[in-house]
Amino acid sequence: MGRHDAAVHRFLASLNASPDEAEDALQECFVGAWRGAATYRGGESARGWLFAIARNALRRHHRRRVGEPEDLVSLEELGERAGWGTTDDALGSIEARETLMWVLDQLGEEEREVIVLRDVEGFSGEETADILGLGVAAMKSRLHRARLRLMAALRERERRDHA
Amino acid sequence: MPDLNRVVAGLSCRDVLKVLSEYVDGELPAETVARVRAHLQECDHCERFGGTFGSLVSRLRGGATAAGDLDPDARRKLAERMRAEWMREGRE
């Protein structure tokens, strides 16, 4: 438990859970894992299994926003928003932890969770896809768009800070 | 704005933009990696953009956003809940 509780809690908090929701979902996750230990398939990562239980537990508390617009922005437009084709200096704020956390918070839930799982928590592509209930190709597409959006949000933040 | 359809070293900038995450994650076949590298060497726009993109991913992976340990109060409540669950199971 001690090996994973902080990471699971961090993941839950990154999904817009209030502190109370994150604590409740954390408890439900470990209780659910305890009760469901017999259903654990030994081949998969135990850590990934816990993250998937936690994600489902939070979803019961924190219903997905309905009517959220589909992502219709093309990859090319996302790339340009993220700075492709500009001659600006590299993003200095990448180094600033507070800024990076703030910008990550500005992303939609689906974008934030794929970045947190794959990049921050270091799950493999297959594990991340399993936790999210996606195929690997769909996960990769979501991850790429999410990273571009994060980069675009950083640029936007820098532009505002320097205005 | 420069043209994303511009072809350099056999790949368009659009093609490179599309595979940048897989390139950074080391998930492309060797032949495609070589083509992307050749494009990046000759295309300033993609080289600059790809460098920043790669730095961002490295920064995320380097623990830039990782917080510390679990709050002691949350850990205590979790332990209490698990103990209660264990006791309940034992009674059943």
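Is Cys13(B) buried or exposed? At 0% relative accessibility, Cys13(B) counts as buried. I shall return to that cysteine after a look at chain A. Please bear in mind throughout that we are discussing a predicted model.

Let me begin with the overall architecture of chain A. The chain has eight helices and zero strands, and along the sequence the pattern therefore reads α-α-α-α-α-α-α-α. Of its 163 residues, 50% are buried. If we take the contacts in chain A between residues at least 6 apart in sequence, 71% of them join residues at least 24 apart.

I turn now to two helix pairs. In general terms, two packed helices are described by the angle between their axes and the distance between the axes.

The first pair I have chosen is α1(A), residues 5-14, with α2(A), residues 19-35. Their axes come within 9 Å and cross at roughly 135°, so the two helices are oblique to each other. The handedness of this crossing is right-handed. On the α1(A) side, the contact is made by Asp5(A), Val8(A), His9(A), Leu12(A) and Ala13(A). On the α2(A) side, the contributors are Ala22(A), Glu23(A), Ala25(A), Leu26(A), Cys29(A) and Phe30(A). By class, the residues of this contact divide into eight nonpolar, one polar and two charged.

Two histidines bring us back to residues of this pair. His4(A) is placed in the segment before α1 of chain A and is buried, with a relative accessible area of 13%. Not counting residues up to four places away in sequence, His4(A) touches Phe30(A), Arg47(A) and Leu50(A). Phe30(A) is also one of the α2(A) residues in the contact with α1(A).

The second histidine, His61(A), lies in helix α3 of chain A, which spans residues 46-61. At 32% relative accessibility, His61(A) counts as partly exposed. Which residues does His61(A) contact, leaving aside its neighbours within four places in sequence? They are Glu21(A), Asp24(A), Ala25(A) and Glu28(A). As for Glu21(A), the C-alpha atoms of this residue and His61(A) are 6.8 Å apart in space, while the two residues are 40 apart in sequence. Ala25(A), for its part, also takes part in the contact of α2(A) with α1(A).

The second helix pair is α5(A), residues 97-106, with α8(A), residues 136-162. Here the axes come within 9 Å and cross at roughly 120°; α5(A) and α8(A) are therefore oblique to each other. This crossing, too, is right-handed. From α5(A), the contact draws on Thr99(A), Leu100(A), Trp102(A), Val103(A) and Leu104(A). From α8(A), it draws on Leu150(A), Ala153(A), Leu154(A), Arg157(A) and Arg160(A). The classes represented are seven nonpolar, one polar and two charged residues.

Finally, let us return to the cysteines of chain B. How many disulfides does the structure hold over all chains? The number is zero. A disulfide is a covalent bond between the sulfur atoms of two cysteines. For Cys13(B), the closest cysteine sulfur belongs to Cys46(B) and is 3.8 Å away, which is too far for a bond; the cut-off applied is 2.5 Å. Cys46(B) is likewise in no disulfide, and the nearest cysteine sulfur to its own, that of Cys43(B), is 3.7 Å away. Cys46(B) is buried, with a relative accessible area of 3%, and Cys13(B), as stated at the outset, is buried at 0%.

Definitions and conventions: Residues are numbered from 1 along each chain as its sequence is written. Chains are lettered from A and ligands numbered from 1 in the order in which they are written. This is a predicted model: local features need pLDDT of at least 70, side-chain atom pairs count only at pLDDT 80 or more; totals for chains, interfaces and linings use all residues. Side-chain values use heavy atoms; hydrogens and water are left out. Axes are lines fitted to C-alpha atoms, for helices over the stretch in contact, and angles run from 0 to 180 degrees between N-to-C directions. Helices (H or I, at least four residues) and strands (E, at least two) are DSSP runs, numbered from the N terminus. Angles under 35 degrees count as roughly parallel, over 145 as roughly antiparallel, 65 to 115 as roughly perpendicular and the rest as oblique. A crossing is left-handed if the near helix is turned anticlockwise from the far one by less than a right angle, and right-handed if clockwise. Contact means heavy atoms within 4.5 Å. Ala, Val, Leu, Ile, Met, Phe, Trp, Tyr, Cys and Pro count as nonpolar, Asp, Glu, Lys and Arg as charged, and the others, Gly among them, as polar. Buried means under 20% relative accessible area, exposed over 50%, partly exposed in between (1.4 Å probe, protein chains only).
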